Each structure stands twice: as C-alpha cells, then as structure tokens.
Amino acid sequence: MGGLRRLEYRGYDSAGVAVVTADGGPLAMAKKAGKLVNLEDYLAAQPLPLGTAAIGHTRWATHGAPTDLNAHPHLADRGRLAVIHNGIIENFAVLKAELLATGVVFASETDTEVAAHLLAKAFVETRDLAEAMRIVARRLEGAFTLLAVHANVPDVVVGARRNSPLVVGLGDGENFLGSDVSAFIEHTRDALELGQDQVVTITSDGVAVTDFYGGAVTPRRFTVDWDATAAEKGGFRSFMDKEIHDEPKAVADTLLGRTDPAGGLILDDLRINEAVLRAVDKIVVVACGTAAYAGHVAKYAIEHWCRIPVEVELAHEFRYRDPVVNEKTLVVAISQSGETMDTIMAVRHAREQGAKVLAICNTYGSTIPRESDAVLYTHAGPEIAVASTKAFLAQITATYLLGLYLAQLRGNKFPDEIREILTQLHAMPDKIQSVIDHAGPVRELARSMRDAESVLFLGRHVGFPVALEGALKLKELAYIHAEGFAAGELKHGPIALIDEGQPVFVIVPSSSGRDSVHDKVISNIQEIRARGARTMVIAEEGDTAVEPFGDDVFFVPATPTLLAPLVSVVPLQIFACELATARGLDVDQPRNLAKSVTVE
Ligand code: M6R
C-alpha cells in the first residue's frame with residue numbers, strides 16, 4: 001500500500017488491488033472509487049489474504065466514469081486473471097466488438113477490460129502468461145502499460161509497455177514493477193529501465209525481458225539517487241509546502257558538479273557531436289504547462305547569451321502544425337516526469353525531421369531522456385504534489401546551464417563572463433531561501449483573499465512567464481479564475497477586465513540594466529490603479545519607486561534580470577498554495593488533474 005500511496009499523485013479517481021495466493025484459488029480483489037484512502041478504509045475492515053504476488057493501481061479516468069466498477073484491476077477467466085493498465089487502447093472498440101461477438105460479457109466501460117479478456121483467451125491457448133502478453137500487446141494500438149497476474153502462475157507478474165512508463169525494482173528475494181521508482185523506493189534503489197515495446201516477467205527471484213516478439217532484451221540498470229524519505233511529507237502539511245521548501249536545494253543540486261577541472265561546463269549525457277551543436281541555427285523548446293513556462297524563461301536567457309533564435313512551442317501543438325525543423329535545429333524537451341505523452345510525441349517528430357533533441361528531465365529511466373540525443377538532468381528529487389514547484393525552478397536552472405554551455409561552445413561569451421554568471425547562479429539558493437523565510441505576509445494576504453473570484457497576473461520580459469505560472473498555480477490549486485498577461489499587452493484589450501477591487505499581481509522587473517522596462521511596468525501599475533485595481537506588487541529589494549503604487553508590496557532579493565524568475569515566482573507559488581489551503585482544498589491532488597499526463 002505504501003507504493004500505491006507514493007504513486008497516488010499520478011491519478012486519484014479510484015484505486016484497487018488484486019492478490020494471487022499460493023493455493024491457486026481465485027484472485028482476491030478490492031477496488032474503490034475516489035482517493036486511495038477509500039480503498040484503505042475498506043481494506044482495514046475487510047483485509048485481503050497475504051499472497052505470493054499482487055498488483056495495484058490508482059486511476060486517472062479516461063474511458064468510463066470514476067466508479068468502483070471502472071476501477072482497476074479488471075478480471076477475466078472467471079476471476080482467475082487480473083489486469084491493470086495505464087494509457088489508452090485506441091483500437092479498443094474494434095477489439096471489444098470482436099470479443100462481444102464471441103460471447104464475452106463486459107463488467108466495465110473501460111478500454112482496459114478488452115486487454116483482460118484478450119489475455120485470458122491467449123493464456124488458455126499458450127498456458128504461458130508472458131507469451132499471452134506478447135500476443136495481446138501486438139494487437140493493441142495506442143499507449144499502454146499493462147500488468148497481469150493469473151491464479152495458475154501464482155508467483156509471476158507480467159508487464160508490457162508501449163508509450164507509457166514502467167520500471168523494474170530489483171530487491172532481495174523480491175522484485176517490483178512500477179510506473180516510477182517511488183512505487184518501490186522503500187524496498188530498493190536498484191532498478192531497470194524498460195524500453196519501448198517490451199514485455200517483462202518478474203518472479204521473487206528473477207526478471208526476464210523480451211520484445212513483443214519474444215527476442216531477449218538486456219535492460220539498462222540504474223541506481224536511484226534519493227531514498228524513501230525524499231518522497232515523504234517530512235512534517236509539512238502538504239507535499240507542495242515541502243517541495244517549495246526544497247527549492248533552494250533543488251536549484252543547488254541541479255548546479256552541482258557541472259564544471260570540469262578546467263572550469264568548462266559539462267552536461268550529463270551528451271550524445272550530440274560538438275560540431276553539430278556549434279552549427280545549430282535555431283532552438284525549439286517543446287514542453288507543456290509549467291515546463292513550457294520554464295522554456296519561455298529560457299528563451300530570454302539563451303537568445304541573450306548565445307544569439308541563437310529560440311522558439312517555445314506547446315508540445316501538443318508542435319507536430320500538428322508542420323514545424324520547420326531540420327538537422328540544424330536543436331529541440332529542447334523539458335519535462336519533470338519524462339513521460340508526458342504530448343512531449344514524447346513532439347520529441348519523436350523532431351527526430352524524424354532530423355533535429356537533435358536535448359532533454360531536460362527530472363526522472364531517471366523515463367522515456368523522454370531515453371529517446372533523446374542528450375540529457376541534462378534536473379536534481380529536484382521526487383516531486384509528488386501535482387502542481388509543479390521545485391521542478392520548475394530546477395528546469396529554469398538547467399536551461400541557464402544549457403545557455404551557458406552553448407555560449408561557451410560557440411564562443412559567444414568569454415570564460416570569465418560565464419564564470420561570473422555561474423557565480424550569480426550559485427548565489428540563487430540562498431536568495432530563494434530568503435524569500436521562503438520571509439513569506440509570512442504573502443501567506444497572510446492569501447488567507448485574507450480566500451473568497452477571491454478572479455486574480456490577474458502581469459509581468460514583462462522574464463516576468464511574463466512568471467505571471468503565466470502564477471496564474472496557472474492559482475487556477476489549478478484554488479479553482480479561481482486567473483490569467484497571466486504581458487504587462488505591455490494590457491492596453492491592447494485585457495485592461496477592460498479591470499474593475500473596482502480587481503486583484504492584480506504585478507511582477508516588477510529590476511530597475512537596473514540597459515534596457516530596463518521597470519518604469520514602463522510602474523506606469524502599467526498606475527494605469528490599473530486608476531481603474532480601481534487592487535495591486536499586489538513583487539519587486540526587488542531596494543526598489544523604493546514601487547512602494548507608492550502597491551496596495552501590498554513583497555520584496556525579493558535583488559538578482560541579475562535574467563535570473564529573477566527563480567525568486568519572483570516563489571511568492572506566487574506560496575500564495576496559491578496558502579489560498580487553496582485556506583479554501584479547504586487538497587493542494588497535493590487538485591481535482592481533475594494527474595501528475596504525469598501519459599495520454600495525448
Ligand atoms: O512532467 P512534465 O513536466 O512533462 O509535465 C508537464 C505539465 O503537465 C506540468 O508542468 C503541469 O503543467 C504542472 N503539473 C502544473 O503545475
């Protein structure tokens with residue numbers, strides 16, 4: 001149950017388990033709609049027997065409402081075979097019609113149950129669960145991780161994966177399968193990466209992996225560099241709270257060990273020839289949600305430092321609009337989970353067009369780094385809360401490293417200039433810590449605004465993606481209407497939204513710097529105040545010019561402009577977390593969402 005609890009962030013519409021007992025009797029199963037706690041309460045009253053193998057699942061509903069019946073596992077073969085599934089079986093309707101025609105009776109509305117009945121038929125023919133899985137996997141279209149157990153083979157769990165994550169945990173006299181390593185981290189940190197279109201069979205003392213046609217495969221082994229305590233709340237009231245407090249460390253760890261003895265920058269896993277990187281004439285960042293906002297910040301930094309044009313594209317739009325990419329394009333895929341299907345598909349499309357792909361990712365063994373030409377890992381540690389916080393800061397940090405690496409490689413900056421920016425970057429964890437330590441007034445404001453109906457966020461330059469992220473955090477956590485705007489765009493339309501008392505956060509850029517837009521943002525504040533807005537201003541310490549114009553002013557430590565998002569976003573994360581908590585909402589598991597969106 002600990003494993004399911006740590007995976008619950010991936011989906012919390014329902015949960016279920018099936019246990020195989022050594023006596024070969026029918027499987028024992030329990031499943032309940034709603035969060036895992038419903039299943040736990042049920043099992044506390046009606047425990048399942050101990051078994052030799054078990055499978056468990058938490059669901060983010062795609063096909064069929066989040067009911068007990070649609071919860072996984074799904075049974076077949078008179079209750080002797082159980083299946084759990086992540087992803088979408090796109091040809092399920094055809095397969096279901098075929099099964100119905102042979103008299104199969106369905107108990108749920110899910111696509112998954114099709115796989116259960118097909119497996120049962122294949123198992124009757126082969127008497128071999130792994131071979132049955134291979135036969136079925138070859139017939140399925142779409143994305144799936146499937147796990148199956150059968151009462152006739154009580155010490156075996158078989159899994160298959162295509163376009164959906166699955167990793168193996170290697171224990172002592174026990175082995176595990178999980179969507180990510182947090183499923184088994186309390187038992188082992190040794191793991192195997194599974195590749196695309198592979199079938200795995202585990203017993204208590206063995207692991208065998210093949211492709212979908214039975215050809216043997218040797219999976220790559222890796223060790224997880226964090227332990228179970230990193231995936232616990234550690235005394236905080238929510239994972240999100242804890243993860244905000246982890247931010248200084250996430251940034252520091254992402255910066256750690258990036259320079260070689262000669263002072264040059266190094267990336268983790270660079271399978272791209274330096275000559276190719278020197279010839280890159282365009283960078284396209286593909287990502288979704290918060291990760292895409294990290295990409296927006298990257299655009300400002302990389303273009304400024306490297307003089308390479310950078311486009312930022314929502315991954316789900318990328319391949320459908322026939323983008324211009326070729327062997328001179330570097331596509332940067334940013335993903336905390338490494339399993340976001342929209343981003344995976346963008347990566348594949350980019351590579352098909354001849355582009356090189358560099359992944360910025362927080363999860364070892366995940367699909368995006370495996371399918372990319374180079375990887376820059378963020379070291380934020382496990383992020384459990386659905387709303388991304390520390391991963392965002394780590395992603396921004398990683399894009400700075402990438403920008404500096406390219407500047408070094410292409411000679412856009414002198415080594416001492418790069419060293420100076422690196423020194424400034426290394427000072428950021430302390431500055432972030434200071435924002436967290438002085439967040440009392442932000443929390444107080446958030447609590448006082450628990451009944452707000454709409455909050456707007458304005459930013460300019462790198463403050464624009466910060467505004468977008470502040471609005472996203474508030475929407476997803478507090479279910480309040482929130483919009484982020486480029487401050488300069490206000491007068492082109494959005495200013496019509498400003499009315500008496502409308503709360504507006506304004507991220508004020510640094511007043512230093514040659515092309516500062518500081519004064520223009522101050523003018524924007526005055527424009528909205530003149531129309532009745534309540535202004536909540538985030539500005540850098542020492543910026544006395546803003547004070548008269550903010551109903552509330554929150555100061556963050558002064559930083560070079562391009563690095564400012566690392567501090568200016570933190571009060572907005574805290575604001576959203578605190579306001580949602582004050583509304584009595586579950587900030588770790590907001591409604592309708594899942595941490596990894598593994599369907600397109
Ligand atoms: O795992 P990824 O970074 O690829 O996830 C992308 C988005 O789904 C994610 O950033 C999402 O927007 C955040 N959870 C929002 O807080």
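Helices (H or I, at least four residues) and strands (E, at least two) are DSSP runs, numbered from the N terminus. This is a predicted model, where local features need pLDDT of at least 70, side-chain atom pairs count only at pLDDT 80 or more, and totals for chains, interfaces and linings use all residues. Residues are numbered from 1 along each chain as its sequence is written, and side-chain values use heavy atoms, with hydrogens and water left out.

**Exercise 1. Find Tyr479 and describe its backbone and its exposure.**

Step 1: look in the loop between α17 and β21 (481-486), and there's Tyr479.

Step 2: check the backbone. Phi of Tyr479 is near 55°, a positive value in a residue other than glycine. Most residues other than glycine have a negative phi.

Step 3: check exposure. Buried means under 20% relative accessible area, exposed over 50%, and partly exposed in between (1.4 Å probe, protein chains only). Tyr479 comes out at 26% relative accessibility, so Tyr479 counts as partly exposed.

**Exercise 2. Do the same for Asn163, then look at the bond from His72 to Pro73.**

Step 1: Asn163 sits in the loop between β7 (157-162) and β8 (167-170). Its phi is near 60°, again a positive value in a residue other than glycine.

Step 2: Asn163 is buried because its relative accessible area is 12%.

Step 3: now go to the loop between β3 (53-59) and β4 (74-76), where you'll find Pro73. The peptide bond leading from His72 into Pro73 is cis, with omega near 5°. Most peptide bonds are trans.

**Exercise 3. Work out what surrounds the ligand.**

Step 1: start with the shell. A residue is near the ligand if one of its heavy atoms lies within 4 Å of it. There are 14 residues around the ligand, and the closest are Ser335, Gln336, Ser337, Thr340 and Glu476.

Step 2: sort the shell by class. Ala, Val, Leu, Ile, Met, Phe, Trp, Tyr, Cys and Pro count as nonpolar, Asp, Glu, Lys and Arg as charged, and the others, Gly among them, as polar. That gives four nonpolar, eight polar and two charged residues.

Step 3: pick out some N and O pairs. A backbone N or O atom of Gln336 is 2.6 Å from a ligand oxygen atom. For Val386, a backbone N or O atom is 2.8 Å from a ligand nitrogen atom. Lys473 has a polar side-chain atom 3.0 Å from an oxygen atom of the ligand.

Step 4: see how much is covered. On its own the ligand has 410 Å² of accessible area (Shrake-Rupley method, 1.4 Å probe), and the protein covers 90% of that.

Step 5: trace the shell back to its elements. Two or more residues come from each of α9 (289-306) and α17 (463-478). The most come from α9, with three residues.

**Exercise 4. Map the largest nonpolar core.**

Step 1: get the term straight. A nonpolar core is a set of buried Ala, Val, Leu, Ile, Met, Phe, Trp, Tyr and Cys residues joined through side-chain atoms within 4.5 Å. In soluble globular proteins, nonpolar side chains tend to be buried together.

Step 2: find the best-connected members. The largest core has 107 residues, and Ile283, Trp305, Leu474 and Phe505 touch the most other members. Helix α13 (residues 390-410) gives the most to this core, with twelve residues.

Step 3: zoom in on Trp305. Contact means heavy atoms within 4.5 Å. Skipping residues up to four places away in sequence, the residues that Trp305 touches include Tyr400, Leu404, Ile421 and Leu562.

Step 4: look for a second core. Another one, of 32 residues, lies apart from the largest, with Ile89, Leu95, Ala115 and Val199 among its members.

**Exercise 5. Compare the settings of Ile308, Val466 and Ala101.**

Step 1: Ile308 lies in the loop between α9 and β16 (310-314), and it counts as buried because its relative accessibility is 2%. Setting aside residues up to four places away in sequence, Ile308 touches several residues, including Val280, Ile283 and Leu406.

Step 2: Val466 is in helix α17. With a relative accessible area of 0%, Val466 is buried. Beyond its neighbours within four places in sequence, Val466 is in contact with Ile507, Pro565, Ser568, Val569 and Leu572.

Step 3: Ala101 belongs to helix α3 (residues 92-101). Its relative accessibility is 69%, so Ala101 counts as exposed. The C-alpha atoms of Ala101 and Ile498 are 60 Å apart, with their positions 397 residues apart along the chain.

Technical notes. A polar contact is a pair of N or O atoms within 3.5 Å; within protein, one must be able to donate a hydrogen and the other to accept it, and residues adjacent in sequence count only if both atoms are side-chain atoms.
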